[in-house]
Amino acid sequence: MLSLKKRILKIQKDRNFFLVMTLLLCSPLAVYGNSKKIYRADRRMGDRFYIASRLQRIFGAESSKTLEENILSKVRAFGGACSPYNVISEFQKEGKKRINHHTKYRCYSGLADSKVEPFIDAGILRTGHLHKTCDLLVAKQQTYQFAINLAGLGSNSAKSDSNLKKMLRLFYPHSKKLPLALKKVKNPSWKLILSSLCKSDYWQIP
Amino acid sequence: MDRRDLLKFGSFGAAGFLLEGLAGGILSELYGASTNTSLKNYLLVNLFMAPARWPMDQILKPERNSSFYPNPFIKNKFSNIGAGSFNFELDYGTSDIGGIQFPHIWNYEVPRAGGGSRPMRELADHFLAIRGCNMILDGHFINNRRLDAPDPGGVSISGILSDLSDRPYSGISLAGITPYMNSAAGAFNSPNGKTPVILGNEVKDYLQYLANPFSVAAPTKDISQKAGRELLTNLMNELGANSRYFKTSNSNRKKAEEMMIYGLEKISTEYSAIFMKYQNLINRSLRKTNIKGVTDKVIPGLSLPFSTSVKRKENGNAYKIEDYLGTYRERDEYLLDNDLRGIFDAAEIYELAQQFAISEIIFKEKLSHSIVMTVGGVANLKVGRATDEENIVMKTIGDKVHFSYKDPKAIRKNLVTDHDPDSHEAGSLTTFLSCSLAWNAISSCLLEYIDQLKKAKIFDDTLIHVTTEFEREPAETDSGTHHGVTGHSSTLICGKIEGPQVIGNIYDISHDPNDVTPSCGTWGKGAPVAELDHNEIVYGNIASSICKILGISSPTPASKSLVRIDPNSKKITPLISKAKNVKFKKTHFKNSKRS
Amino acid sequence: MKTGFWVPVLLFLAIGSITLYLKDSNQSQARVTTSHSIDLSKESPQYQKVFKILETSCNHCHSSYAGYSEASWVITGQVIPGNPQRSYLYYHLRGSETGGAESMPPKKALSKEELRVLAEWIRGLSKGLAKMPASFSLPKTLAKKINPALTLTEEEVYFRCHSQFSRSAPDSEDQLLAKVKKGLLSSVDACLQLLKNATFNSKSDSISNSIRRTFHGLHNSWFNNFLLFNLQASFPSYDVLDITGPALYFTKSLFSSDFNFNQILSGNQNLRAVRSQEVANDYFIYKKESSEMRLSQHGFFVGKEKNKSRKNWNPNFVARGNLLDIKALKADSKDLLPLYLDQTDSYLAKIFKGPLNIRQNLGGGLIGSQSFLLFNHGRELGETMDGGLLLPRRWSKMVFSNLLCRELPLLRKVDVIKDIQKKSDISFRKQASCLQCHSSIDPLAAAARQMTAVASSDHPDGYTQHIRLHSSNPKLGNGKLLVDSDTSYHLRPPHGRLRYRNLYGKLVESSFQNMQELGQRLLEQDDLYICTAKRYLYFLTGIDVAVEDYSTQLKSYDPISLEYIRFLIFLGKRLKQHQNLSYLIKDIVSSDLYRQRDYQIYASD
């Protein structure tokens, strides 16, 4: 038979134990209670028309063939539906007026391409195509020269901070800070820098 | 607290965590999350335009004593064959494998890679056939697409799989020679918007195409690969700092670089060899075969003049030329060769070799988890002599009908044609020959493919699904076949299936007036299954079964799965009883056409 | 210690089972309203008076008014808040002396007092935001965690919207960019100006063309076209019927100054695109088997080959080039098919004598338009609807899916118990689990019961498919909605019901007499606007928020999901109020979300 004091202590102990246990056992419900995610945050990457337009602005008119082969024709890698009624058939030769800015919007591989999503969260196929395009454009003399000139530089310009910024602004027109990575490279060539900037993903998100 | 309390506390805590785990399991079940860490590979081999399966893998007689009503046109072997036209008898032959009656051709051997042959019945070791599925809708394109995306316009099995996959390619669609939107190869639809790579016949070299984005462009002298990669890594680390996109961008870059360094191109010589291997198997399976009861004896074509007794259809209408002579028909032509076996001497199934070759690479090199392969029909048939209906004269005298050429000189010589798998205009003979040889080729490729999967130790984790849109229903006369929309069958092959097994009920003979040819015999029309509340299997059940095996959620959750996976041994066993050939009851047909 | 042991365990089990029980989506939490008329006690006292007037004098002909709330009148455009003279409802009334139609009610006019009550009600209507149902309340707001280093400047925001709308970056001569740089124009206003510049019938430069192309392509990606893989895809169809047909309604609303959002689901005009047509192009737009075919060589046909009854047909072609305008499509003689077939099998097809107007429309704007009906008809050619197995169910599912962003099932078991028909021959009428979908699909499909898909000819190279509408015969009476088979079903008046649980968990059950009224019913649903908002939000930010019955699992969503739901409902409600798609875009562009480089305003997203 316990004394009154011990009994009170025991009841208090029980009560604490009781509370702790309840909390512990109820915790899984709290943990699993509010964790349902009902949204998805896709990377809102530009579609093939946007990428091609940006690259054409930077690398000039001579880049159009490369862009057509590696970006515009990869409908499902980059997204961007075709417009079914924007047509000029390649077989068509009559009429003097040829409006070429229609051609990139036509559905050259069938009407199914008119239902493609406005943007596709990039997989590695897209990354691969873009890397390849960048390498090709930098390797080609005319397009490389165009880009260098657009940045207001020459192929022998010094790798000063202000020059590096000019190059950076081709792809990131609003960037304020110069990434240290560009300065850390040993003996970089402008080609290397241009190519790396081209391959970086983030300018593709408008 | 004293030690005993602590113990009790601890054990309650443990019990709490156990229950927590249970609750977590139940909750994740409710939320549909897949807790399966090892994702399976899925290969869908669909034979486009629904060729007849009775010479292939359709089990019309699950048991030796199954009720079976022979039909004059559902045949898969010669019981005897003599000289001259119409001097043969066709039969429905079987091959007993594990008590199940497989079609006749399973008795024999198929070419083996590297030379020699192997028994076709090896394919039955891990074989589960699901028959008697009612597709409800008619149409090739819509039903072929449904093979991957069961609810038209909805998500596809390949799409759901791709969302859980971290392999470089979300899904690979091998469209063959068909416009991809018309088949399952174009039905890829993932809830998270992923897209597949589509390889069709406009692509010359599949491996090159897959490798193309990662083939490094000719580097200039002053860009070193290594320096470039280093700069890009550092640059992206800085540009992406604090960005929610950094993780995805970084992982994409790394994987793409791996692909570039790894260089799929480096395995292009290996790929050529693999391609040649399958091409060789296919050639030997189609050309100059010597299959007993099929192509071991001379098969004379049609020769006119020919006479027979007058026949009439059930409704009293007279037979037309195509009804009398249809057994020798292929599309518009009646085949007149002295030996019809010769037409297969240069036969091909376009793109099939590349499709199997790239499929081998894809799973072995872990490039993707899902492949949809759309297979075409037997093509490039070299017909020595043929004539069309315009050149045939049909004269009825009394109770005899006589056929002759209008102008013997108008016989066409040296044509090239192909067998239309959608054999509305191909009779029992041409259908049985083409489909038997097609199956010969496909099973030979499959056996080699499975060998390679076993070698790479991934056969247990791979599900191969061989199917067509639906079975074919014979016409009233031997002029062709029709769509058997109410009788689709699917064959599942996986290392974890102890075969052969067959489930799903069909009618031994159906008197449903909605059929194209009621009361024509056993062809595979779906019948009710007790475990499905006495309803026929619908494609949603098959889709759910496939997803059960793959360990992913089903695009048709309202339709039950027909298989279960043993949690320990991971063996796949049916949830419904063994296949039966069911007697037709009048009350059944009211529900034959659903919404 | 005994209590100390058992009580928490029992408590845990009790709480656990209750939680799991509640998570079962079949449990109803919101109050169920079972009739389609409104709960008058929730309306303003002014409207209560108006409602009584309408009930007495109008509802016996206009039975749909019984389901109209105060908001319904505004949303459907029939009442302009503050302006009785220009309100459709008011200026049709005898004695209103508004210079309008003034012919209702046809026999006996409303009294002067009744007219005054109506006018006062309209004048007193403010453009205030309609409140969310009281039973649906979102938990506390989550604090934003905006990273100032990633916040865009005004210039960058304009760069972003220009890039997204026209899919090209603004060039150095861009005038709006210059203004934003100088601080003369806010980025939001500049973005809105881009949209304004692309309005139809304004100057057509390449940026405006691109913007129209971008949004029309966006709208087009929302709609399915099941015809593309139907039995024998009929490829010439898309030179006669615009393949982007349903999207034209949304595009018109965005780029027309006189086409409010509510007109997307109202009216019986099909729409046609006016395009620049700079180069005459003689090829079919749909390549059959990867080869291009010339229109002039292959042509269009009507009729069957048999008895040489097949002849040439010269239809109006869909315009080609850049999108310049979207106008109402007025059918002319070229749109009449003299003959049509009920299937394309040469032997079995029956010829019907026309003329068949291929531009027929059931009303209700988009949902009753020729293209939306045709692309989603989901039936075989020649089938007439019988209310049982034969119903345009694909169309019905797509109304829920394309317009409300809702996927079936949309009813709870308790909602459909009363629909079970044990004696039916149709298997899905007998089980509650089947009815959870079918009780939504079937009564809605009744609106399109008049349609039958037909073909123009049996030409092997292809034919065109069209929707033929049977004329409904009011003398036949309404008939039942959930029948096994009714041979007159397709001829009866096209009444039906919209039945589903909306995103607040409320059971919606409203009747409609025809497709036009169904359009009105849909315009009253918040789901419609929230769906549109969701799609624009995804296009502009990459955030895809699922739309579902939020009420059943509100407590289990994570805090960030709740914020996105809150934002989505806010956007949707505002769209419902202003009925203007460019304002919706403006709302999104003005948000904090849009102004972060990586569209993130909550931590650990």
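## A walk through a predicted model

Both faces of β9(B) are covered: on one side B:Ile172, B:Leu174 and B:Gly176 are buried, and on the other B:Ser173 and B:Ala175 are buried too. This is a predicted model.

Reader: Hello! How many residues of strand β9 of chain B are buried?

Author: Good place to start. Side chains in a regular strand alternate between the two faces of the sheet. In β9(B), B:Ser173 and B:Ala175 lie on one side, with B:Ile172, B:Leu174 and B:Gly176 on the other, and all are buried. For the strand, residues 172–176, the count of buried residues is five of five.

Reader: Which residue in β10(B) is the bridge partner of B:Leu174?

Author: Strands of a sheet pair through backbone hydrogen bonds, either parallel or antiparallel. Here β9(B) and β10(B), residues 197–200, pair in the parallel sense over four bridges. Within β10(B), the partner of B:Leu174 is B:Leu199.

Reader: And which residue stands opposite B:Leu174 in β14(B)?

Author: Strand β14 of chain B covers residues 370–375, and three bridges join it to β9(B). These two strands run parallel. Opposite B:Leu174, in β14(B), stands B:Met373.

Reader: What is the order of the open sheet of four strands in chain B?

Author: Let's build it from its edges and one of its pairs. The edge strands are β12 (329–330) and β18 (412–417), each pairing on one side only. Strands β13 (residues 333–335) and β15 (residues 381–388) of chain B pair in the antiparallel sense over three bridges. Pairing in this sheet is antiparallel, and the order is β12-β13-β15-β18.

Reader: Which residue in β15(B) stands opposite B:Tyr334?

Author: B:Tyr334 brings us back to the pairing of β13(B) with β15(B), which is antiparallel and has three bridges. Facing B:Tyr334 from β15(B) is B:Thr387.

Reader: There is also an open sheet of three strands; by how many degrees are its neighbouring strands turned against each other on average?

Author: This sheet of chain B has antiparallel pairing and the order β11-β17-β16. Its edge strands are β11 (306–309) and β16 (392–397), each of which pairs on one side only. Direction ignored, the average turn between neighbouring strands is 20°.

Reader: How many bridges join β16(B) to β17(B)?

Author: One facing pair helps you find the place: B:Met394 stands opposite B:Phe403 in β17(B). Strand β17 spans residues 400–405 and runs antiparallel to β16(B). The bridges joining them number six.

Reader: On to helices! Why is α7(B) called roughly antiparallel to α10(B)?

Author: Two packed helices are described by the angle between their axes and the distance between the axes. The axes of α7 (residues 268–286) and α10 of chain B come within 8 Å and cross at roughly 150°. Angles over 145 degrees count as roughly antiparallel. That is why α7(B) and α10(B) are called roughly antiparallel.

Reader: Is the crossing of α7(B) and α10(B) left-handed or right-handed?

Author: Picture the residues that meet there: from α7(B) they include B:Tyr278 and B:Leu281, and from α10(B) they include B:Ala441 and B:Cys445. As α7(B) passes α10(B), the crossing is right-handed.

Reader: Which residues have the most contacts inside the largest nonpolar core?

Author: That core has 331 residues. Its largest share, 14 residues, comes from helix α10 (residues 428–455) of chain B. B:Cys445 touches, among others, B:Ile282, B:Leu352 and B:Phe356. The residues with the most contacts inside the core are B:Cys445, C:Leu537 and C:Leu568.

Reader: Is B:Gln58 buried or exposed?

Author: B:Gln58 is in the loop between β1 (41–47) and β2 (77–81) of chain B. Its contacts include B:Arg53, B:Pro103 and B:Glu471. A residue needs 20 or more other C-beta atoms within 10 Å to count as buried. B:Gln58 has 24 C-beta neighbours inside 10 Å, so this residue counts as buried.

Reader: Finally, how much of chain C counts as buried?

Author: Chain C has 19 helices and 11 strands. Among its contacts between residues at least 6 apart in sequence, 66% join residues at least 24 apart. Of its 605 residues, the share that counts as buried is 47%.

Definitions and conventions
Residues numbered from 1 in each chain as written. Chains lettered and ligands numbered in written order. Predicted model: local features only at pLDDT ≥ 70, side-chain atom pairs only at ≥ 80, totals over all residues. Pairing = 2+ DSSP bridges. Core = buried A, V, L, I, M, F, W, Y, C linked by C-beta atoms within 7 Å. Buried ≥ 20, exposed ≤ 12 C-beta atoms within 10 Å, placed from the backbone. Contact = placed C-beta atoms within 7 Å. Axes fitted to C-alpha atoms, helices over the stretch in contact; angles between N-to-C directions. Parallel < 35°, antiparallel > 145°, perpendicular 65-115°, else oblique. Left-handed = near helix turned anticlockwise from the far one by under 90°. Lists of a residue's contacts leave out its neighbours within four places in sequence.
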